[in-house]
Amino acid sequence: MAIVAVCGMPISPPVANVALGLMLVAFVASGEVWPRLAAACRQPLALGALAVLAVVALGMLWAEVPWRTRWDAWWSWRKLLTIPILLALFGDIEWKRRFAGAFTLVCGAGAAAVLAVHFGGVPGVPPEDADDLLRNHGTQGMAFAVTVLCAIWLGLHSSGRWRALWLAIGALAAVAALIATSGRSGHLALLIVVGVFALGMLTVPRHRVAVAGFALTVVAGAALAPNVRDRLAVAVDEFRTAQAGQGALSSFGMRAVMYENSLRVLAKQPWIGVGTGGFGAAYASEIEGRYTDWRATPTADPHNQYLFFAAELGVLGLLVFLGYILATLLDRGDGSSARWVAVATLLAWCATSLFSSHFKTFAEGHLLAMFLGAMLARPYVARPT
C-alpha cells in the first residue's frame, strides 16, 4: 500500500489517500507497530520530522485566526507522519528497490504518454495538454526528476536487460521533463538530483564513469533545451519588471512582491511569527492600502518555504525546520547507496522550495517524505524480550 500510495501521488490524490489509509490499517493489524515505530523514531530523520510537527502544533497557540484555520495549517504537514512508518517498513534493501522500481515504471509510462501527446500522437488530445498530463506541470516535472534519479540508481544495481530498461526509462523521463514540461521546479530538481547523485557515487569506482556520463548528458540537454532557456528567461524578466513596479500579474512577478511583504510580516514578529495558519491574514493586513494594482492580490503562501515557515513560526521555528533538514542529511540510513537517493531528493526540494512550498504541498510533500523514509530506513532488529 505504501508503494501504491507513492505511485499515486503524481497522478491521483484520491488513490494515494486511500492507499495511505490502507497502509496504516495493515501496519496496525501486523501486531508489530510499537516496536518497529520505536526503532524508527530513534533515527535522526524521524526525530527531526517529529520536532517540526511539534513546533507547528505549538504555533497554533498564538495564531490570531479561527481554530479551524490553525488545524488545517497543521494538518497540511501530515505527510511528515508517514516518515516513521516508512522507516519502520523499508529496512530491507530489496524493498527499497521495489519501492523505487514501481515508481519508476509508473512515471516512465507517464513520461511516454506525455511525449506522445506532446508530439501530437494521441488523436483528440491537443499537444499543449502534455504540460500537465500528470496532475499539473509542477508536480509532473518534480516526479520526472525523481524518476530519472531512481532509474540511474536501479540501473547501477542491475545487469543485462534490466539495466537497459531502467536507463531507457530514465532517459525518457529526462526528455519529457526538459522538452514537454514547463515547470521550472522540475528543471531545477532534475539538474540537482543527477548532480548530487553523481557526486555521491564518486566513492564507488566502478560507477563513476556511468553516472558521470548520464549526469553530463542531462546537464547538456538542459542547457540546449529551448523550453528550459525560455522559461528561465521569462522568470528573470517577470522578476525584474515587478521589482520596478511595472508589468502585470505574473508568476515570478508576484513572487517578488510576496517576498517583500512577507519580510515585513516577519519583521513584526521575528522570533515566534504570527502563528500556525496566520500568514494569510497577516499578509492581507500588510498589503491593505499599500497597492492599487495587481500587487494588492492576497495570498496564503509566499511561495518560499523558508520565508513561509519563518513568517508563521519565527526565526526560532525556522531553526527547527533547518535542523530537520540537517539531521536528514546526516542520517546514514542503512549505509547503502540508497542514502544518496534520499540526499539528492532532499537537496532538490531544498532548492525548489526557494520559489515554492514543496515540503508542504500535497503531492510534492508526500513524495519527499515517502522517499526519505523508504531510502533511509534501517533493517529492523527485534529487541529480546
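# Helix packing and empty space

Helices α10 (184-200) and α16 (residues 338-352) have axes that come within 8 Å and cross at roughly 145 degrees. Axes here are lines fitted to C-alpha atoms, for helices over the stretch in contact, and angles run from 0 to 180 degrees between N-to-C directions. This is a predicted model: local features need pLDDT of at least 70, side-chain atom pairs count only at pLDDT 80 or more, and totals for chains, interfaces and linings use all residues. Residues are numbered from 1 along each chain as its sequence is written, and side-chain values use heavy atoms, without hydrogens and water.

## Three helix pairs

Helices are DSSP runs (H or I, at least four residues), numbered from the N terminus. The crossing of α10 and α16 is right-handed (the near helix is turned clockwise from the far one by less than a right angle; anticlockwise is left-handed). Which residues of α10 meet α16? They are Ser185, Leu188, Ala189, Ile192, Val193, Val196, Phe197 and Gly200. Facing them in α16 are Trp340, Val341, Val343, Ala344, Thr345, Leu347, Ala348, Ala351 and Thr352. Contact means heavy atoms within 4.5 Å.

Next come α7 (residues 93-118) and α8. Their axes lie 8 Å apart, at an angle of about 130 degrees. α7 is therefore oblique to α8. (Under 35 degrees counts as roughly parallel, over 145 as roughly antiparallel, 65 to 115 as roughly perpendicular, and the rest as oblique.) This crossing of α7 and α8 is left-handed. Among the α7 residues in the contact are Ile93, Phe103, Cys107 and Val114. On the α8 side, the residues include Gln140, Phe144, Trp153 and Leu154.

The third pair is α3 (residues 33-40) and α6 (residues 82-89). Their axes come within 8 Å and cross at roughly 105 degrees. So α3 and α6 are roughly perpendicular to each other. From α3, the contact uses Arg36, Leu37 and Ala40. From α6 come Pro84, Ile85, Leu87 and Ala88.

## Pocket and cavity

The largest pocket has a volume of about 690 Å³. On a 1 Å grid, a pocket is an open set of points with protein on both sides within 12 Å along at least five of seven lines; in a cavity a 1.4 Å probe fits but cannot get out, and lining residues have an atom within 4 Å of a point. The pocket is lined by 28 residues, and the closest to its centre are Gly183, Arg184, Ser185, Phe252 and Phe355. Four elements give two or more residues to this lining: α8 (137-156), α10 (184-200), α12 (226-243) and α13 (251-268). The largest share, six residues, comes from α12.

How many cavities of 30 Å³ or more does the whole structure hold? The search finds one. The largest cavity contains about 40 Å³ of space. Its lining consists of Trp77, Lys79, Leu80, Phe321, Tyr324, Phe359, Gly365, Leu368 and Ala369. α15 (305-330) and α17 (362-376) each give two or more residues. α17 gives the most, with three residues.

## Residue classes

Nonpolar means Ala, Val, Leu, Ile, Met, Phe, Trp, Tyr, Cys and Pro; charged means Asp, Glu, Lys and Arg; the others, Gly among them, are polar.

| Site | Nonpolar | Polar | Charged |
|---|---|---|---|
| Contact of α10 with α16 | 13 residues | four residues | no residues |
| Contact of α7 with α8 | 13 residues | six residues | two residues |
| Contact of α3 with α6 | six residues | no residues | one residue |
| Lining of the largest pocket | eight residues | 14 residues | six residues |
| Lining of the largest cavity | seven residues | one residue | one residue |

Definitions and conventions
Grid points are joined across faces, edges and corners, and a volume is the space filled by probe spheres set on the points.
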